[in-house]
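Biologist: I have a protein model open and would like to learn how to read it. Could you walk me through it, one feature at a time?

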Amino acid sequence: MKLEELFIREDATILETMKQLDETGQRILFIAPEGRLQAVLTDGDLRKFLLRGGKLEDPVRLAANYSPKSLPLEERGRAKSMLERYSIDALPLLDRDGKVADVVFATSVRMYNACLKVAAQHPKTRILNCS
């Protein structure tokens, strides 16, 4: 998946955003004009917005979180602890210009941890690659 597929325009409707979430198969999208992180939007944000009376035609900016969690790209090693501490599904990593350079997903971290566990339980197995 290309990183840009996770970007949504601030003026996109809630319905357009729901369609894009469905197409990407992810639970998060980023409002990032010219790649610079401005806000995040999760499926949970959409659900809460609609339950509070929001409409499918409303702009996504009304449901977005404009105080998103993120890390500098150089601090990728802290991503796992942040994902766990804040119980979030994804964490954008930003370059020095504040542009989204990568995203760490909790599912990837969980899969990596499961792989390490299997590898530890079966140390003679040489075909596992957890990288």
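**Reading the model step by step**

Modeller: Happy to! Let's begin with a small backbone detail: Ser-87, just after helix H3, takes a positive phi of about 50°. Keep in mind that this is a predicted model.

Biologist: Thanks! What lies in H3 itself, and which of its residues are buried?

Modeller: Start with the general idea. An α-helix has 3.6 residues a turn, so residues three or four places apart point the same way. Now the case here: H3 covers residues 79–86, and Ala-79, Met-82 and Leu-83 are buried in it. These residues span an arc of only 100° around the axis, which puts them on the same side of H3.

Biologist: Let me step back to the whole chain. How many helices and strands are there?

Modeller: The protein chain has four helices and five strands. Reading from the N terminus, their order is α-β-β-α-β-α-β-β-α.

Biologist: And what share of the residues is buried?

Modeller: Of the 131 residues in the protein chain, 34% are buried. You can also look at the surface: its accessible area is about 8,600 Å², and carbon and sulfur atoms account for 50% of that.

Biologist: Which residues have the most contacts inside the largest nonpolar core?

Modeller: Those are Phe-30, Val-100 and Val-103, in a core of 25 residues. Helices H1 and H2 and strands E1, E2, E4 and E5 each supply at least two of its residues. Strand E1 gives the most, with four residues.

Biologist: Let me pick one of them. What does Val-103 touch, leaving out residues up to four places away in sequence?

Modeller: Val-103 touches Leu-3, Leu-6, Phe-30, Ala-90, Leu-91 and Pro-92. Apart from the largest core there is another one, of eight residues, including Leu-71, Leu-83, Val-104 and Ala-106. You have met Leu-83 already, as a buried residue of H3.

Biologist: How should I read contacts between residues well separated in sequence?

Modeller: Take the contacts between residues at least 6 apart in sequence: 44% of them join residues at least 24 apart.

Biologist: One last topic, confidence. Where is it lowest, and where is it highest?

Modeller: The chain averages a pLDDT of 87, and 82% of the residues score at least 70. Confidence is lowest in helix H4 (residues 106–121), with a mean of 52, and highest in strand E3 (residues 71–72), at 98. Over residues 109–116 the pLDDT is below 50, and this stretch has nine contacts in the model beyond near neighbours in sequence.

How values were computed. Residues are numbered from 1 along each chain as its sequence is written. This is a predicted model: local features need pLDDT of at least 70, side-chain atom pairs count only at pLDDT 80 or more; totals for chains, interfaces and linings use all residues. Side-chain values use heavy atoms; hydrogens and water are left out. Buried means under 20% relative accessible area, exposed over 50%, partly exposed in between (1.4 Å probe, protein chains only). The arc is that of the directions from the helix axis to the C-beta atoms. Contact means heavy atoms within 4.5 Å. Accessible areas come from the Shrake-Rupley method with a 1.4 Å probe; for residues, only the protein chains shown count as cover. pLDDT is the predictor's confidence in each residue, from 0 to 100. A nonpolar core is a set of buried Ala, Val, Leu, Ile, Met, Phe, Trp, Tyr and Cys residues joined through side-chain atoms within 4.5 Å.
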